[in-house]
Amino acid sequence: MNQSKIVNNPKVNKIDETRNTGMAYLLWCSSFLGICGLHRFYSGKYVTGTIWLATLGLLGMGQFFDLFFIPGMVEEKNLKLLKKRLNSGDIFNYLPQEQIERILEKNPPKSDTQIILELGKKHPEGISIADCIIATNKTVPEMKELLKNLYKEGLVEMENHPETGAVIYKVF
């Protein structure tokens, strides 16, 4: 993974912290000097890193199997770092294209139907057409058509709100 400088953000002016598979393999090679588990510490696996350090990589067997697991461990650590940064509100002006593609593959965009059904599950008392439009950014005619199709397919039921009489949709 490329190390890139985060630019145009005065709060964050440091080198990207993503982990590199090549560095993890280099740390794995320290086992030839009798120091096992450094690659696990690098990948954020602190408990198993300590176990590897104390047991010489589970007597070499765990160390051997890690040759195959290192890419997955590094990718998992990188995704955790990315999630942590996104949750903290840091602004990224640069992400490598390959990382963006991997994120999109693992989190494909939700369809309008999924968005409406999830909204309905969160609000069992019912949702309005306006709620659906806000959640999906669709036009009124598009939303009416979609809700009509969901009703025909038996995914939602139509009722009137007990107080206002407005049409609401419930997911069952």
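This is a short talk on the fold, the cores and a few single residues of one predicted protein model.

Ground rules to begin. The model is predicted, so local features need pLDDT of at least 70 and side-chain atom pairs count only at pLDDT 80 or more, while totals for chains, interfaces and linings use all residues. Residues are numbered from 1 along each chain as its sequence is written, and side-chain values use heavy atoms, with hydrogens and water left out.

Overall layout. The protein has nine helices and two strands. These are DSSP runs: H or I with at least four residues for helices, E with at least two for strands, numbered from the N terminus. Along the sequence the pattern reads α-α-α-α-α-α-α-α-α-β-β. Of the 172 residues, 29% are buried. Buried means under 20% relative accessible area, exposed means over 50%, and partly exposed lies in between, with a 1.4 Å probe and protein chains only. Now contacts, meaning heavy atoms within 4.5 Å. Take those with a separation of 6 or more: 45% of them join residues 24 or more positions apart.

Next, a helix pair. How do α7 and α9 cross? Helix α7 covers residues 112–122, and helix α9 covers residues 140–152. Their axes come within 11 Å and cross at roughly 70°. That makes α7 roughly perpendicular to α9. The axes are lines fitted to C-alpha atoms, for helices over the stretch in contact, and angles run from 0 to 180 degrees between N-to-C directions. On that scale, under 35 degrees is roughly parallel, over 145 roughly antiparallel, 65 to 115 roughly perpendicular, and the rest oblique.

Who meets whom? From α7 come D112, T113 and I116; from α9 come M143, L146, L147 and L150. By class, this contact has five nonpolar residues, one polar and one charged. Nonpolar here covers Ala, Val, Leu, Ile, Met, Phe, Trp, Tyr, Cys and Pro; charged covers Asp, Glu, Lys and Arg; the others, Gly among them, are polar.

On to the cores. A nonpolar core is a set of buried Ala, Val, Leu, Ile, Met, Phe, Trp, Tyr and Cys residues joined through side-chain atoms within 4.5 Å. The largest one has twelve residues. They are I116, L119, I127, C132, I133, M143, L146, L147, L150, V156, Y169 and V171. Which elements give two or more residues? Those are α7, α8 (129–136), α9 and β2 (167–171). Helix α9 gives the most, with four.

Look at Y169 in that core. Not counting residues up to four places away in sequence, Y169 touches G126, I127, I129, L147, V156, E157 and M158. There is also a second, separate core of six residues, including W28, I70, M73 and V74.

That brings in helix α1, residues 21–28. T21 lies in α1. T21 is partly exposed, at 28% relative accessible area. Beyond four places in sequence, T21 is in contact with I70, P71 and V74. The C-alpha atoms of T21 and I70 are separated by 7.0 Å, with their positions 49 residues apart along the chain. M23 is in α1 too. M23 is partly exposed, at 37%. Its C-alpha is separated by 8.1 Å from that of H39, 16 residues apart along the chain.

Now K77, in helix α5, residues 61–88. Buried or exposed? K77 counts as buried, with 14% relative accessibility. Leaving aside neighbours within four places, K77 is in contact with R19, Y42, S43, G44 and Y46.

Two backbone angles to flag. L59 has phi near 60°, a positive value in a residue other than glycine. L59 is in helix α4, residues 56–59. L59 is exposed, at 75% relative accessible area. N137 has phi near 65°, again positive and not glycine. N137 lies in the loop between α8 and α9. N137 is exposed, at 69%.

Just past that loop, take V140, in α9. V140 is partly exposed, at 42% relative accessibility. V140 and A130 are ten residues apart in sequence and 8.3 Å apart in space, C-alpha to C-alpha.

Last, the cysteines. How many disulfides does the structure hold? Zero, where a disulfide is a pair of cysteine sulfur atoms within 2.5 Å. C29 counts as partly exposed, at 34% relative accessibility. C36 counts as buried, at 6%.
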